[in-house]
Amino acid sequence: MESLKITHSMKAILQLKEVSVSYTPGKNAVHKVTTDIYPNTITAIMGPSGCGKSTLLRAINRMHDLYANVRTTGEIILKGRNVLEMDPMEVRRMAGMVFQQPNPFPTMSIYDNVLAGYTLNGIRLGKKEKEEIVEQSLQSVALWDEVKDVMTKRGSFLSGGQQQRLCIARTLALKPEVLLMDEPTSALDPISTNKIEELLLQLKQQFTIIIVTHNMSQAARISDNSMFMYLGELVEHGNTTQMFTKPRNKRTEEYLTGVFG
Amino acid sequence: MNHSSSIVQRKRKDKTIRHLVGFFSLLAMIPLFFILWDVISKGYKNFNLRLFTEVTPSSMDALLAISNGDPIPGGILNGITGTILIVGLAILFSVPLGLFIGIYLADNQGKRFAGLVSYLTDLLQGMPSIVIGIIAYAWVVKPLGSYSALAGSVALTIMMLPMIVRSTEETLKMLPLSYKEAGLALGSSYTNVVFRILIPSGFGGIFTGILLAISRVMGETAPLMLTALGASVVHWKMTEPASAIPLLIWDFYNDPNLVDLIWSSSLLLLIVIFLLNWIAKIVARKWKV
């Protein structure tokens, strides 16, 4: 991997060491990725379709455990502990995930959706605590004012962009260390996308965000650091401005300038 | 052939086929209409409060009443309570079992054992009900040494299982994978994802399947003959023989003095089944996710 200066202030919160993921034995979809992610930054993972971006992201919160044939090797150190040796349920509470399609739970109200992480984990909360968490989480995704009077309505009552913000609130309610986002705006219109981008810039003050995106200008707008992946390998990882202006690697440059995609 | 004439020909052919399709659907409706007409017109005379509050009269009493020109002195309360008991027990057994198998199949697509279970479920669905009755006889009646409501409910459980399994499986398969992933990504256990997200989300489809299974076995007669046998009294003991509405209809058929009760009993059975199907439709529509 070419090395660019990575924007950071302190110790890495997440370290990937030779992380490989394979769907079929002997064929790595992600190949020996090594890098550090720093707290309170937004890292964008870019690359053409099928390059392993989402696969790498989903390795971090052990989503690959759901499928029998997927194998993850290497080390993923989150706050000093190897994720691959932890209980997946614990990992997933530390690394929240937001998906491409907004997916509020359809039978739950907006209120219950925000608290879903607690109910699903069997954590009992008092009424006051619940209300605090709901308000705080919805405030942090700038949804509170829009939904405070329709709390008992189903999540699906909201617009796509609102639903996605509700899903972010649901994830934030559990106060994760890292927020993993898998193309969170690709199913949304430009206005909703813009809102979520603004939101992420606010949220990075409290959280560390890793976002997979197809949209290069999005990466340029919001991320501090960028990772460029190609054919399962991490080609380049560095400060976003530098990567967009002076990429070290020829492939990165070609991708960014639209030679391939 | 000239181009425009071929279009005319094609249009004519289309029209004929369209009419034929409509005609045959109408034709198929005719027997259905006559069944309803027959059951209603012959059944309404004895469709009274007595049908629900009194047990089946003896053949002698019925004969006396008929010769005096009175209505038949009795109802089918023993059949109604028997059906409630037997079907109720069958629901109790088949719903949890069917749900679990359905969840398993939806979650393990492509696995060998799941394939086998799926195949056996299909096989069970096609099993003649009399064979299921014989099996329940061998499993329950023989070891317990007596015909019983329990044995009847075991037979009906076996009949309901494949329907509940399939509807659960199909409903869960239709839910977006991302519900499950989102639940697990919040750190939830598999159990909580299944019972707090997937089953509630698929409730409409699963519940509809259960209702249709109930309405299907409600009219079953053959398996009950070999298991529940029948009873002329009202009771709620599952270890004793019990009657059921379809069993009574069979009894009435064999007794010339009670033959009039066939129609009112059939009418009741039809009404209940119609209601169940109607509720199933409403539930399926209302709970669409």
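**Chain B and its contact with chain A**

Trainee: What pattern does chain B follow along the sequence?
Mentor: This is a predicted model. Chain B has 13 helices and 0 strands. Read along the sequence, the pattern of chain B is therefore α-α-α-α-α-α-α-α-α-α-α-α-α.

Trainee: Is chain B a compact globule or more spread out?
Mentor: For 289 residues, the globule rule gives 19 Å. The radius of gyration of chain B is 24 Å, well over that value, so chain B is more spread out.

Trainee: What box do the C-alpha atoms of chain B fill?
Mentor: Take the box along the principal axes. The C-alpha atoms of chain B then fill roughly 70 × 65 × 35 Å.

Trainee: What percentage of the residues of chain B count as buried?
Mentor: A residue needs 20 or more other C-beta atoms within 10 Å of its own to be buried. Chain B has 289 residues, and the buried part is 42%.

Trainee: How many residues of chain B are in contact with chain A?
Mentor: A contact puts two C-beta atoms within 7 Å. Chain A brings 19 residues to these contacts, and chain B brings 18.

Trainee: Which helix gives the most to the side of chain A that touches chain B?
Mentor: Helix H2 (88-94) and helix H4 (116-120) of chain A each supply at least two residues to that side. One of them gives the most, with 4 residues: H4(A).

Trainee: How many nonpolar residues has the side of chain A that touches chain B?
Mentor: Sort that side by class. There are 2 charged and 7 polar residues. The nonpolar residues number 10.

Terms used. Residues are numbered from 1 along each chain as its sequence is written. Chains are lettered from A and ligands numbered from 1 in the order in which they are written. This is a predicted model: local features need pLDDT of at least 70, side-chain atom pairs count only at pLDDT 80 or more; totals for chains, interfaces and linings use all residues. The radius of gyration is taken over C-alpha atoms; the globule rule is 2.2 Å times the number of residues to the power 0.38. A residue is buried if 20 or more other C-beta atoms lie within 10 Å of its own, exposed if 12 or fewer, and partly exposed in between; C-beta atoms are placed from the backbone. Ala, Val, Leu, Ile, Met, Phe, Trp, Tyr, Cys and Pro count as nonpolar, Asp, Glu, Lys and Arg as charged, and the others, Gly among them, as polar.
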